[in-house]
Amino acid sequence: MSFDLRARQQRYEALDLLTSPVWIFDIDQRRVHWANRAALGVWNAPTLEELCSRDMGADMSESVARRLAQYQNDFITHGATFNEQWTLYPAARPISLNVRFSGHRLLDGRMAMLCEAFAQAQNEPESLRSVDALLHTAVMITLYCRNGRPLYRNPAARESVRDLAEPLQDRFVDPQAGLGLLERLDESGAATQTLAVHTAAGRSWHEISVRRCRDAVTGQDAVLVSEADVSAIKRTEAHAQFLAQHDSLTGLPNRSHVMQHFAEAVETLRQADQEAALIFLDLDHFKDINDTLGHAAGDALLVEVARRLRRTVRGGDLVARLGGDEFLILMVGADVRSEIERVRGQLMYTVAEPVFVAAHEVRVTPSLGVSLYPYDGTDFETLLRHADLAMYTAKERGRNDLAFYHQGMSNAVLIRTALEAELRRALERQEFEVFYQPIIDVPTGRVVGAEALARWRHPERGLVPADVFIPVCESSGLIQALGAHIFSAAARQQAQWAAAGHDLHVSVNLSARQLRHGELLRDLRRGLAQAGTNPLRLQLEITESTLLGQDPALMTLLREIEALGLSIALDDFGTGYSNLAYLQRFPIKTLKIDKTFIQSIDANRPLAEMIVSMCRLMKLSVVAEGVETTEQLDWVRAHGIEQCQGYLFARPLPPGEFVALLAA
Ligand code: C2E
Ligand code: CA
Ligand code: CA
């Protein structure tokens, strides 16, 4: 026996006389420091030396290690003692012991643990496991006596509380909520609620279940409380709630937040006889900044505008971002109109001050539209629509202006601007669909292609035809985005059909304005790449008017389009100049004879026949549009026109019906 061990033996000699097992555990070194004879028996150790040489940390679980460290701390800070049921496996057979732990200073001053096993519990596996589970679970379990004093805490509960002796009622951050829980316990014997509690690590959200029971030792009424930490879930919930109500870029409330806020505010307004205003703010020419300096710069600008707006309005006013470059301010007051008159200059000025983004100094002016509650509407949607209309009027007046809504605004111009605004949103909400009109091979009567035609699936009005919205999209510049969308969809559709064994050629309409826009090639390339379509199976339809004039840039562009593999058709031929010279000058592959031309065949017969024979000479393919009757089809066939489309065969169809037609 080493000198050291002999010294220990001497020091603890008296304890050897005890019949109950006692040992001292060195927490730091994870070894038994000393054990009496009875303990050697429990540990199944031949000698003290052997027991002390065992490395108890070797296969100690993480949770046991943590628990030991905490015990040590509890011994040091408040001389705690614990009773626990412990399971040991000295000879690979479990022994269950009631062990009492208390702090014990070693000669070198370190805090060790005196362990005293005072009664052997029965070794039933059931109870062994339940005890073990209680010790290792992350659920905090505490037994309180009827007055709230703790009788027992499992390790997880001990680790969590601020003070081991803390009574139940002191744990709740909101004492009132805590009382509510206890009242329900009184009423029904059990209750569960998620509440904020004080813990050693600060405030946490715990799901707390309380249940009336009896203390197994005294037989008296007690309360069993189990708690699970749900703070992480709470945080995620709060975060999700925040995200749902806020715009992630600027951190401003979003549309749904203002809507909710408005509904609540209106209640108070009515009682307090107050007014409210919705100010719709849109940045002028914001798109140009996005296009020229990039989206990051655009975003930075929006963030700055948001900051300035928030700084400008009064504390009680709400600034929100609706999306894009649209902001909304909700003001409440006794006389909001004069309040707005007072701040309008300031609002416009703050927004228009230069902003530095992407190493550039940029300036944007705002256009503002105002609608007033209760005069211009009493519900949020109406007020928003009217504020939006007023904003468009401000834009029409030359931008950088503010307009109050009035009923006179609902004139034709207004309907048009409203439609424009609606279209813009329809594009964002992806309300546009593509219908396909079959193109028929005349000799065989088979479907060989399709023309893609845009449709607007309006949430209230249903399906809106192209004639209604295409002209507005063209004049407002929306056609570029819409066109890109339609082209992509058509390219995808072509690829999908081809994959299913129908390698049809698909034709997409192109407005003159799209050809003048710099991004056309980029949009086409992107659409093709994303869909993986064979470009040779796609055609673009342009009208004759597009080709007017002698624009060398246009020629270059058409050649570049051709280089992508796309072919070009001349649409609506016969309605305009019917200038055959274009057909030679530009890279055009197909001619589409307009429906009015087909439908008034008699009057136009000589010209029509000439066109067809010219096309044959020039090796252009010809498509007859708007074939509605068998007579028209007969004429088409008689003149060797190889392809046609029209109601005689099919109207433009949604993709699903188109496929059904192919199958038939
Ligand atoms: P379009 O290019 O001449 O398209 C043919 C139009 O004639 C389609 O009208 C089609 O539904 C209609 N049609 C087809 N067969 C018959 C027939 O037998 N009888 C009669 N009476 N009409 C027939 P839709 O779809 O209303 O389109 C109208 C115009 O809107 C198109 O004329 C085209 O110029 C334009 N458009 C449609 N979709 C787009 C698009 O995605 N982009 C562009 N830029 N313009 C489009
Ligand atoms: Ca067309
Ligand atoms: Ca046409």
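Which residue bridges the calcium ion (ligand 2) and the calcium ion (ligand 3)? In this predicted model, Asp571 does, and the two ions lie 3.8 Å apart.

**The calcium site**

Four residues coordinate the calcium ion (ligand 2): Glu451 (OE), Asn509 (OD1), Glu541 (OE) and Asp571 (OD). Their distances run from 2.1 to 2.3 Å. Along the chain, the donors follow the spacing E-x57-N-x31-E-x29-D. Asn509 sits in strand β21 (residues 505–509) and Asp571 in strand β23 (residues 567–573), so this pair ties together parts 62 residues apart in sequence.

Is Asp571 buried or exposed? Its relative accessibility is 6%, under the 20% cut-off, so Asp571 counts as buried. Asn509, at 28%, counts as partly exposed.

**Around ligand 1**

Ligand 1 has 25 residues around it. Gln437, Arg455, Ser511, Glu628 and Tyr647 come nearest. By class, the shell holds 10 nonpolar, seven polar and eight charged residues.

Three polar contacts of ligand 1 are listed here.

| Ligand 1 atom | Protein partner | Distance |
|---|---|---|
| Nitrogen | Glu628, side-chain N or O atom | 2.5 Å |
| Oxygen | Tyr647, polar backbone atom | 2.7 Å |
| Oxygen | Asp572, side-chain N or O atom | 3.2 Å |

On its own, ligand 1 has 790 Å² of accessible area, and the protein covers 86% of that. Elements giving two or more residues to the shell are β19 (446–458), α15 (466–476), α16 (479–499), β23 and α21 (595–599). Strand β19 gives the most, with four residues.

Methods. Residues are numbered from 1 along each chain as its sequence is written. Chains are lettered from A and ligands numbered from 1 in the order in which they are written. This is a predicted model: local features need pLDDT of at least 70, side-chain atom pairs count only at pLDDT 80 or more; totals for chains, interfaces and linings use all residues. Side-chain values use heavy atoms; hydrogens and water are left out. Donors are N, O and S atoms within 2.8 Å of the metal (3.2 Å for Na, K and Ca); water is not among the atoms, so sites may look incomplete. Buried means under 20% relative accessible area, exposed over 50%, partly exposed in between (1.4 Å probe, protein chains only). A residue is near a molecule or strand if one of its heavy atoms lies within 4 Å of it. A polar contact is a pair of N or O atoms within 3.5 Å; within protein, one must be able to donate a hydrogen and the other to accept it, and residues adjacent in sequence count only if both atoms are side-chain atoms. Accessible areas come from the Shrake-Rupley method with a 1.4 Å probe; for residues, only the protein chains shown count as cover. Ala, Val, Leu, Ile, Met, Phe, Trp, Tyr, Cys and Pro count as nonpolar, Asp, Glu, Lys and Arg as charged, and the others, Gly among them, as polar.
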